[in-house]
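Please look through the sequence and the model below before reading on. The paragraphs after it are meant to be read beside the coordinates.

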Amino acid sequence: MRFERREQRPFHLLLLTPLLAVVAALALSGILIAIAGAPVLDAYWRILLGAFGSRLSATETLTRATPLMLTGLAAAVAFRARLWNIGAEGQFYIGAIAVAAASAKLLGNLPAPALVPLLLLVGAVAGMALILIPLWLRLRFSVDEVVTSLLMNFVALLFVSMLIDGVLKDPLAFGWPQSQSVSDHAMLPKLIARSRLHIGLAIAIALAIIVHFIQSRTVFGLQSRATGLNPAGAVFAGVPLGKTLVKVACLSGGLAGLAGAIEVMGVKGYVTTDLSPGFGYAGIVVAMLANLNPLGVILAAIFTATMFVGADGMSRGLGIPNYIADVTVALSLLTMLIALFFTQYRIRR
Amino acid sequence: MTSPVLEIEGVSKRFGTNLANDDISLTLAKGEIVALLGENGAGKTTLMSILFGHYMPDAGRILVDGAELPQGKPRAAIRAGVGMVHQHFSLAPNLTVLENVMTGTERLSSWRSGTSAARKKLLAIAERFGLKVDPGARLGDLSVGEQQRVEILKALYNDARILILDEPTAVLTTIEAERLFATLKEMARQGLSLIFISHKLDEVMTAADRIVVLRNGKMVAERRASETSKAELAELMVGRLVTRPVRKPSAPGALALEAAEVTVKIDGVERLKSINFRLREGEILGIIGISGNGQAALAHLLSGTLSRTSGNLLLFGKPIGNLGVAAIVDAGIGRIPEDRNVEGVVGEMAIWENAVLERISSPAFSQHGLVNRRAGMAFAKEIVDQFDVRGGSPASRARLLSGGNMQKLILGRNLHRRPRILIAAQPARGLDEGAVAAVYGRLLEARRQGTAVLLISEDLDEVIALADRIQAIVGGRLSPTVEAGDADARSLGLMMAGEWDEPREADHAL
């Protein structure tokens, strides 16, 4: 058995790959569920019920999908240009804490129509600022951004930890390390009443559409794609490499920072060091599952959120640890990578 | 005749709808050199990959010394005494020559590496075939020709008796190629059997005993080198009579581009040293030289991707600063890069995107930062039609094009708008005979229409055929010009070796 490169990549295969990858990941997780002694199909049924079985669970799933869409977009735009931004987690936290700080110390008294957009902008800009550090190191000293952007996550989290135990500490939190809350009128309006679902979801979907438009229709999109696919060819064609990467980085970091801002302003209202259950890292999985397609990110984020939210329900019903969600999501990244390999190669015997 | 050492019997291989090898049979005798001649895509490399076990054939079998070779097992091929020298070397640049040669020969489970015995064996082989090599040298520090020597030595070290060389001269200079063929003949004299793949008529005529011609996956002819001619081989290879177009006299026009004492330094190293040239409209100025003598710097300087350190460039008599790519393209300078796969196209992007990428910011192809896809597609369609780009539509990926068609696309996007100046770096390198003729035809047509063409090349025949005036480039310096009429292969060869009279005033006077 051997592999041969495909000359043509059939279109239907590109659509089918993520689906097959997800099915394969579910099948593999099924083995673990079976080992844990639970009926596999029943477990998956409960996951689906847990995620979409009621109004509450459905809105909860979409609430969870919102930051995943944004961090997924952040990874997708960067990876398209071969900018390996593994730092969405840190950018998420910096975006979140910037919002808390700006609301508490600077802008809190502005009226809502001015405050909300301004705070969202602050979060995005903070995310951009953070990613510019590894980018500068890459452009100036050719330091691999995979390592630096990843390490910045720890720097960012420790920085946040320092702030919420220090200058931004909420005096009303009984000594818990958490930031001061953003003003009530800084909270995002709800999308559906009596749920946690907020207009962040609409913002994320709109941004996915906008990013798709940017990538497929604009000069910048074309140039960033060329930069990712063949830097030498892009330079010869006059694409300003550094400038393009800076723009890509700002877009990516901005989206991740925005994810943090929206999570604070939409759900929590304040920042703790467990604000994100790994949204930044999960965003990488989401982007890969979507094959870096911005519109695909919407679906991939919903799938990932379904697993996370649904697993809680299943866990309660069947007594299986909800870690199975992490396993499934992680497996789906592996199966997707394998599936992507088969879109490029075929097996010959 | 003794029994053949190698027999290929009825090998067929299909990739999708493309029949790469169609029932091919050939034999190889001890001490024989066979050339496998064919255009790009004729199926030469596929056949040799099957022989070496990289691909499984759909039908047919391979016998070495009368014993059938198991299919798809390179290791079995090596054990049977088949060695392969790849076009793109399969060596590790960070290892020494000796380490590269030994890689794959030792058991992983053995405790210690038999370095000293290996060194002795390597040196003995090197001595026997006259392949001088320093076992301790780091491979990455060697020239391309030396690296190839290591690749050959590696095959011989594995006791290869049948050696396959895939386009061995593609990366070599003329002199290195001559040396290589002398080595091959020595190896054949000592009883080795060789197959080399080529699409160059000159070298198969001089180096091979027998020539097997492939076309579209079929074996179309087999000739003794002594009983055929270049013209016959060319026709067999292409399937029709091709003639390279020739230059007709023309009257050059105004001075288009002038370099005065231009120096380019990269990382402190002078790649171009006070060069001077004058390029007029309607002429082709040939810059001939062995690769690595500053051609890349010259091409990049004039393509807008490299800045000069000192000296002046004059465009139509006006001094210009260091122009970037966009300004160069806007000034009406067309550019054909040296390496079309690396710089010429972005393979994974569509043909239409490659057609417009270098001018994407011009109002013709984008407005307010939005790409005008329709205009780009229409432009690409025109290029595909006018320049006879085959094997792809505007929406298909550029990577799927053959070398010749990719070059037609690059020529098309430059010549379509009648550039005033064209910088052509190695425009026909690696192309098959039909595509070479097409490229030459386009360059000469551009010249006829008044374009000033700067042709940077390492192919003597090419420069003699196309250029009106010729300068040699050696170690970053440019020789004075010679008129094409006064140049022959011998005098140009001397110039390429750096032998020329110091410039006199008359050379600058035009």
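What follows goes from chain A to its contact with chain B and then to the domains of chain B.

This is a predicted model, in which local features need pLDDT of at least 70 and side-chain atom pairs count only at pLDDT 80 or more, while totals for chains, interfaces and linings use all residues. Residues are numbered from 1 along each chain as its sequence is written, and chains are lettered from A and ligands numbered from 1 in the order in which they are written.

Chain A holds 13 helices and two strands, taken as DSSP runs numbered from the N terminus (helices H or I, at least four residues; strands E, at least two). Its C-alpha atoms fill a box of roughly 70 × 60 × 30 Å along the principal axes. The radius of gyration of chain A, 21 Å, agrees with the value near 20 Å for a compact globule of 349 residues, the radius being taken over C-alpha atoms and the globule rule being 2.2 Å times the number of residues to the power 0.38.

Where chain A meets chain B, the contact takes 19 residues from chain A and 28 residues from chain B, two residues being in contact if their C-beta atoms, placed from the backbone, lie within 7 Å. On the chain A side, helix H8 (219-229) and helix H9 (231-236) each supply at least two residues, and H8(A) gives the largest share, six residues.

Chain B itself is assigned domain 1 (6-238) and domain 2 (255-509), with bounds from an automatic or database domain assignment. The C-alpha centres of these two domains of chain B lie 34 Å apart, and their contact takes nine residues from domain 1 and 10 residues from domain 2.
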